[in-house]
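This briefing introduces one protein structure to a reader who has not met it before. Please view the sequence and the model first, and then read the points grouped below.

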Amino acid sequence: MRQSVVVIGAGLGGLFTGAFLAKEGFRVTLLEKNASIGGGLQTFQRFGETFDTGMHVVGGMYPGGNVRKICNYLGIFDRLKLRDVDDDCTDSMYFAEDKKCYSVARGKEGFALSLSSFFPHESDNLRRYVDALFDLTDKVDLFNLRPSNGQLSLFTGSDDFLLSAEDFIAKYIGDEKLRSVLAFMNPLYGGRKGQTPAYIHAIISSLYIKGTSRFVDGSSHMADLLAEVITSHGGEVLTNEPVEWIEVNDRKVDGVRTKSGRQFIADYYISAIHPCTMFHLMDEGALPRAYRNRLNSIPNAHSAFSLFIKLKPKCFPYINHSEYYMTRYEDVWNFSRADKPWPLGFLFMTPPSSNQGEFSSKALVTAPMPFEMVSKWESTKVGRRGDDYVRWKQEKACQLLQLIEDIHPGFEACIDSMNTASPLTIRDYYGAKDGTICGFSKDCHNIALSQVPVVTKIRNLLLTGQNNNLHGICGVPLTAIQTCEAILGNNYLINKINAWNEG
């Protein structure tokens, strides 16, 4: 008989994990608490526009890219609606401290040459840095979809692996301003001063140096395609079915119950939600206290405050790359610190639509924010947070809009309507502890604590998602592979994915 799997949470991790197992013949049931699936892939409608909630920039979709290979294997790549960013400017970075704007081009050579034009005295060092970046990434088997011993292969003998990202950059680059410029992607992976491991910086940076894309008309269609893989193989994707209890006896899950009272029984159970959120769904003695304490002690990466803006027709140009605004060079590592003034920076972008023309119809602004900034309202519920919370959100929105005027004078006059979201929105919508957008924070001084195995102390319960090993559009599918291979066998999926793409 076909083995069965219940997946808790239909975010990116749950969908990829469910799709892999459904394709392998498992009876898959995904249980999602929200009305729509996708997690960070979800979109919402406001003011007649479709807005992405979290997945704005996509890496690994270039020819030969790891995410592209995975999507090819699942049969969804050709139906994804993607638009590549401009090759000559994939990202721009503005530093308010000296009103300097930098930009980078695609590819190893383009990236190094771009920044060499601003820092000619660091030209040779930039090439050495980029080479070291890619050399570090090449050593991670999972990232390269290479068969391995089943581990993430962090301990490769490279001296650079266990450096902090900050020290890794400083090892090759002397100019302090250039060091900060090279760390401009910190908001994407929760980079922390002296803590974030070099391998995290290397994986994310090299992924986007090779080329990035954007979803056209929103990211939710990728979630729909992954759900279609599951249902086409006989599985179910159920929404509005929040799991309220996981029954565990003698270190084995015997079933889960949803809020509607439905019971689901399977051979395997996979949690695609934040592990600390999962703890509240089971008896306190279901897992060893040491295991609970260990995961509860891991700090989470920062959250974010976002603006979703509808623009007036033919008022603001479409910009085919991401723009990063930084206040001070030294604070590029401090986005997670609550003792620093907010905002330290933000990501600004204009998402593409079908038949995208010269002008944009909407804009997104995402500013990293520590959860402590909203802790006074953490016990409140959506729509019942009080007038002071509404005023606070308006104040934060005004702060961001004032800064946007630095890079786009007259921007406020182009706004038709605007919606905001805070770390509380992210916490409640995604079920993410502290509203984290990058999952557990990684620490180069405690790699063992930073790596959460996909297997648990419960025999038939596995984990998947951004809190295990790697996060984002690249890291989550790779973690899903590890989760599935804990059932299917080491390198089983890796070999299948490679064979499919080579055939």
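Of the 503 residues of the protein, 60% count as buried. The model is a predicted one. The protein comprises 16 helices and 20 strands. Its radius of gyration is 22 Å, close to the 23 Å that the globule rule gives for 503 residues, so the protein is as compact as a globular protein of that length.

**Overall dimensions and surface**

- Taken along the principal axes, the C-alpha atoms of the protein fill a box of roughly 65 × 55 × 45 Å.
- The protein exposes about 19,600 Å², and carbon and sulfur atoms supply 48% of that area.
- The protein carries 53 positive and 56 negative charges, and the mean positions of these two sets are 4 Å apart.
- Among contacts between residues at least 6 apart in sequence, 71% join residues at least 24 apart.

**Strand β16 and its partners**

- Strands of a sheet pair through backbone hydrogen bonds, either parallel or antiparallel.
- Strand β16 covers residues 322–326, and 5 of its 5 residues are buried, so the strand is largely enclosed by the rest of the structure.
- In a regular strand the side chains alternate between the two faces of the sheet.
- Both faces of β16 are covered: Ser322, Tyr324 and Met326 are buried on one side, and Glu323 and Tyr325 are buried on the other.
- Strand β7 (residues 91–95) runs parallel to β16 and is joined to it by 5 bridges. Within this pairing, Met93 of β7 stands opposite Tyr324 in β16.
- Strand β17 (residues 345–349) runs antiparallel to β16, with 4 bridges between them. The bridge partner of Glu323 in β17 is Phe348.
- Pro343 lies in the loop between β16 and β17. A cis peptide bond joins Trp342 and Pro343, with omega about 0°.

**The open sheet β11-β12-β13**

- An open sheet is formed by 3 strands in the order β11-β12-β13, with antiparallel pairing.
- Its edge strands are β11 (243–248) and β13 (263–264), each of which pairs on one side only.
- Strand β12 (residues 253–258) is joined to β13 by 2 bridges, and these strands run antiparallel. Arg257 stands opposite Gln263 in β13.
- The loop between β11 and β12 holds Asp250. This residue is exposed, with a relative accessible area of 66%.

**Backbone angles out of the ordinary**

- Most residues other than glycine have a negative phi, and most peptide bonds are trans.
- Asp250 has a positive phi, near 55°.
- Asp434 also has a positive phi, near 60°. This residue lies in the loop between α13 (423–430) and α14 (447–450).
- Asp434 counts as partly exposed, at 29% relative accessibility.

**Helix α3 and its surroundings**

- Helix α3 spans residues 108–118, and its buried residues are Gly110, Phe111, Ala112, Ser114, Leu115 and Ser116.
- The cover over these buried residues includes the strand β8 (100–104) and the helices α4 (123–138), α6 (176–182) and α8 (198–209).

**Two loop residues and their contacts**

- Asn491 is found in the loop between α15 (472–488) and α16 (492–502). Its relative accessible area is 12%, and Asn491 is therefore buried, since buried means under 20%.
- Leaving aside neighbours within four places in sequence, Asn491 is in contact with Pro147, Ser148 and Glu485.
- Lys81 is located in the loop between α2 (66–74) and β6 (82–84). With a relative accessible area of 37%, Lys81 is partly exposed.
- Not counting residues up to four places away in sequence, Lys81 touches Arg214, Phe215, Val216, Asp217 and His221.
- Lys81 and Tyr102 are 21 residues apart in sequence, and their C-alpha atoms are 29 Å apart in space.

Notes: Residues are numbered from 1 along each chain as its sequence is written. This is a predicted model: local features need pLDDT of at least 70, side-chain atom pairs count only at pLDDT 80 or more; totals for chains, interfaces and linings use all residues. Side-chain values use heavy atoms; hydrogens and water are left out. The radius of gyration is taken over C-alpha atoms; the globule rule is 2.2 Å times the number of residues to the power 0.38. Buried means under 20% relative accessible area, exposed over 50%, partly exposed in between (1.4 Å probe, protein chains only). Contact means heavy atoms within 4.5 Å. Accessible areas come from the Shrake-Rupley method with a 1.4 Å probe; for residues, only the protein chains shown count as cover. Lys and Arg count as positive and Asp and Glu as negative; His and the chain ends are not counted. The place of a charge is taken as NZ of Lys, CZ of Arg, CG of Asp or CD of Glu. Two strands pair if DSSP finds at least two bridges between them.
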